[in-house]
Each structure stands twice: as structure tokens, then as C-alpha cells.
Amino acid sequence: MNERTSLETIAGYLSERLRTALLRSVAMIGSEVTEVRLYLGQPLALIYPDRTAFLTANSLTASSSNTSAVKCTADDIRRTIDAVTHYSFHSHISEFRQGYFIVGNGIRAGISGIYNSDGIITEVTGICFRISRCVVGCAEEIAGLPESGGLLICGGVNSGKTTLLRDICRIIGKRRKVALIDERSEIAAASGGQVGNDVGVLTNVMSGCPRNIGIISAIRSLSPDYIICDEIADDSDTDAMLTGAGCGITFIATVHADSLESLKRRPFAEKLLSAGLFSHAVFLAGASQVGQIRSVEEL
């Protein structure tokens, strides 16, 4: 998958007015864009690791106050949501509750807006299309670490954790049995029964299921050597991973933490570290240096 294809995928969900403007500027937008954001009443924004740009009818501008910037109307938002849901709100209640959709090519469309009393977004005011990017070879220098025990990939938002995780899954999945728990379908980009990204020939992909359920299912039915999952965050994940470790399975996972000290302050992470599930933690440099490793800590 390349960035042009990703932008074309996103454009296919936009209103005709926004789609036309975006496709005119594909070459100018370039390959480093990470998100395409729609805000009600504000210009369509393009997010890069080191800057933000705004779409005009024929180009880009660095200023949101530029009068030529293309602003998103309520009709643009409505038409985009209609396309994302295939004109069926009621068949996508779970997505309106969890706040995001998977729209293809591993692209996630996060939504914001007004919630009703049942915890469901019923009035969408913002949409964030987050681009999934494969960087083949970016995990080569850390691919040997899981041989000595579990591996945590740590970093802040947009630091490249998922990108690194995807590549280490590809490398290990060439030679060992792997179960990939891809809750948000961002890693393998599975759609219609097909896996869009190379995650290894010996990798079983479990897409769209909660991490804890996927982990337990993999333990029971797939006999993996490794279980790989993204963004562990709570005790349900911890309990499932402890069960897997008791069966001799090695885990590779990501977590939001920008230092060893902040990692240890997370109650669920401290529980896993105390149990000895991980031998190393990799810390990424941050959003301005996506995928760059700042340090490797032995745990």
C-alpha cells in the first residue's frame, strides 16, 4: 500500500467538493502525511510529523486563516459519514459508540461529536482519517530482542509504535508461529477476508476482536510461539497476557509511555513487568521522528 492509494481511498469517502480538491493536490501533499482531518466549519487539515497544512481548491496553505482554504460544511461531514456507513447508521451502532470506523487499507476514521444518553455519537462534527503506513525493514535492528523474552514498544501518540510493530510481525512471522491480535484492523489491514499488509507467512490474523478475547482464543486454538498486539491498556489485557505467559507464549506489544519511569507508573504495565513478561522495552523518539528508536532498556 502506498500513500497515493491511501489518499485516493480517503478521497472516495469525501463529498464531491472535498474529493476534487484533495485529488488535485495529491502530488503536492506528498508521502509524509499521516492524517486527513475534517472539522465542521474549519479548513480541511493535513497532518505531517512536523507541520500542518490546509487544503485549498488547487493547492495547500500553511495558514488556516487563508481565505482560499477549503472549509468543511455540515453537508460535507454528512456526506462523508453517509459514505463511511454505506448510508446505514443503524448497522454501525458499535462504531458510533466506540468512535471510529475502519474504511479500508488499514485506514481508521475516528469521529467526534455529540453523544446521546446511550453513549453513541449521533451528531458528527469532526472526522480524522489516520493513514496506516508500512515501512519494511524498520524493525530489523530490534527483531532479535524477542528471542530472549517479551518486548514492549513504547512511545507517545503518532511516534510510530504500530509501524514498528507491523514490521517486527512481518519479520518474526516468516519463521515462527505468530498470532496477531489486530483489534482495529490497522496492522494487517484485513478486509473482505484478505490481508492487505505483509505480516508474515506464519501469522494468524485475528482482526476486529477485543485484545483480551483474541489473546485467549489464540492460546486455546492456534498454539502460537508469539502473540503480537497493539496498545495494551487495562487489566483485561493484563490478565489475558498472564494466562498466555503461563503457557509459554512470548508477547510483543505496544503501550503509551515515553520513558521507563512513565511505563512503570501504569498499573497494568507494572503488573506485567513484575511478572517478568518482558525482557526489553524499546522507547521511540516521538512524533517529530516517527519510528526512530531513542533507547532500548533491559527490564
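Trainee: Which residue in strand 7 does A109 stand opposite?

Mentor: A109 stands opposite F129 in strand 7. Keep in mind as we go that this is a predicted model.

Trainee: What makes strand 6 and strand 7 a pair?

Mentor: Pairing takes at least two bridges between the strands. Strand 6 and strand 7 (residues 121–130) have 8 bridges, in the antiparallel sense, so they satisfy that cut-off of at least two. The hairpin they form has 5 residues between the strands, and G119 there takes a positive phi near 75 degrees.

Trainee: How do you know that strand 5 pairs with strand 6 too?

Mentor: The same test applies: at least two bridges are needed. Strand 5 (residues 100–104) and strand 6 (residues 107–115) are joined over 4 bridges, again antiparallel, so this counts as a pair. One of the bridges links F101 to A109 in strand 6. This hairpin has 2 residues between its strands, and N105 in the turn has a positive phi of about 55 degrees.

Trainee: Why is C128 called buried?

Mentor: Buried means under 20% relative accessible area. The value for C128 is 14%, so C128 is buried. This cysteine is found in strand 7, where it touches E35, V36, R37, R108, A109 and G110, leaving aside residues up to four places away in sequence. C128 and I111 lie 17 residues apart in sequence and 6.3 Å apart in space, C-alpha to C-alpha.

Trainee: And why is T9 called buried?

Mentor: The limit is again under 20%. T9 has a relative accessible area of 18%, so T9 falls on the buried side of the limit. You will find T9 in helix 1 (residues 3–11). Leaving aside residues up to four places away in sequence, T9 touches V103, G104, N105 and I107, and N105 is the residue with positive phi in the turn between strand 5 and strand 6.

Trainee: What makes the buried residues of helix 2 lie on the same side?

Mentor: Those residues are L18, A21 and L22, in a helix that runs over residues 16–24. They cover an arc of only 100 degrees around the axis, so they share one side of helix 2. The face turned away from that buried side carries the exposed residues E16 and R24.

Trainee: Which residues touch the most other members of the largest nonpolar core?

Mentor: They are L38, L44, I127 and F129, in a core of 36 residues. A second, separate core has 29 residues, including C154, C209, A218 and F251.

Trainee: What does L44 touch?

Mentor: Among the residues L44 touches are L14, L18, V36, L38, F54 and V70, with residues up to four places away in sequence not counted. L18 is also one of the buried residues of helix 2.

Trainee: How many helices and strands does the chain have?

Mentor: The chain has 10 helices and 16 strands.

Trainee: Why is the chain called as compact as a globular protein of that length?

Mentor: The globule rule gives 19 Å for 299 residues, and the radius of gyration is 20 Å, which is close to it, so the description fits. Buried residues make up 51% of the chain. Among contacts between residues at least 6 apart in sequence, 61% join residues at least 24 apart.

Conventions
Residues numbered from 1 in each chain as written. Predicted model: local features only at pLDDT ≥ 70, side-chain atom pairs only at ≥ 80, totals over all residues. Heavy atoms only, no water. Core = buried A, V, L, I, M, F, W, Y, C linked by side-chain atoms within 4.5 Å. Buried < 20%, exposed > 50% of the residue type's maximum accessible area, 1.4 Å probe, protein only. Contact = heavy atoms within 4.5 Å. Arc of directions from axis to C-beta. Rg over C-alpha atoms; globule rule 2.2 N^0.38 Å.
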